[in-house]
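Trainee: Could you walk me through reading a structure, one feature at a time? I'd like the general idea and then the case at hand.

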Amino acid sequence: MARGALLSPAAPARYTYPFLDVTAHGYGGVLANAAALGAAFYVLGLAIIALDRIRPVPRPSEYRISSERARGLK
């Protein structure tokens with residue numbers, strides 16, 4: 001939005017993203033777009049965390065470099 005404010009209104013690519021175009025949507029519309037995108041990313045993050053918590057625990061690898069009793073590289 002700062003870039004759009006600094007460039008002249010005649011600039012062809014004044015706003016890099018169409019959902020941030022203040023001249024087309026107004027400040028309220030841009031705020032609503034940003035809130036909707038933020039909420040979508042938040043819900044997507046929660047869904048990824050939920051999927052990670054319900055998936056089965058992976059079995060330990062059978063191909064080990066050292067024995068299980070060794071404290072070094074495994």
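Mentor: Sure! Keep in mind that this is a predicted model. Let's begin with contacts along the chain: of the contacts in the protein with a separation of 6 or more, 6% come from residues 24 or more positions apart.

Trainee: How many helices and strands does the protein have?

Mentor: Two helices and zero strands. Helix H2 covers residues 22-54, and Gly 29 sits in it.

Trainee: Is Gly 29 buried or partly exposed?

Mentor: Here you compare a percentage with cut-offs: under 20% relative accessible area is buried, over 50% is exposed, and partly exposed lies in between. Gly 29 has 22% relative accessibility, so it counts as partly exposed. Its C-alpha atom is 8.4 Å from that of Phe 19, and the two residues are 10 apart along the chain.

Trainee: What about the whole protein: what share of the 74 residues is buried?

Mentor: Buried residues make up 8% of them. The protein exposes about 6,600 Å², with 66% of that supplied by carbon and sulfur atoms.

Trainee: And how many salt bridges does the structure hold?

Mentor: The general idea is that side chains of opposite charge can pair when their charged atoms come close. In this structure there is one salt bridge. Arg 55 makes it with Asp 52, and their closest N and O atoms are 2.8 Å apart.

Trainee: Why does Arg 55 count as partly exposed?

Mentor: Because its relative accessibility is 42%. Its partner Asp 52 also counts as partly exposed, because its value is 43%.

Notes. Residues are numbered from 1 along each chain as its sequence is written. This is a predicted model: local features need pLDDT of at least 70, side-chain atom pairs count only at pLDDT 80 or more; totals for chains, interfaces and linings use all residues. Side-chain values use heavy atoms; hydrogens and water are left out. Helices (H or I, at least four residues) and strands (E, at least two) are DSSP runs, numbered from the N terminus. Buried means under 20% relative accessible area, exposed over 50%, partly exposed in between (1.4 Å probe, protein chains only). A salt bridge is a side-chain nitrogen of Lys or Arg within 4 Å of a carboxyl oxygen of Asp or Glu. Contact means heavy atoms within 4.5 Å. Accessible areas come from the Shrake-Rupley method with a 1.4 Å probe; for residues, only the protein chains shown count as cover.
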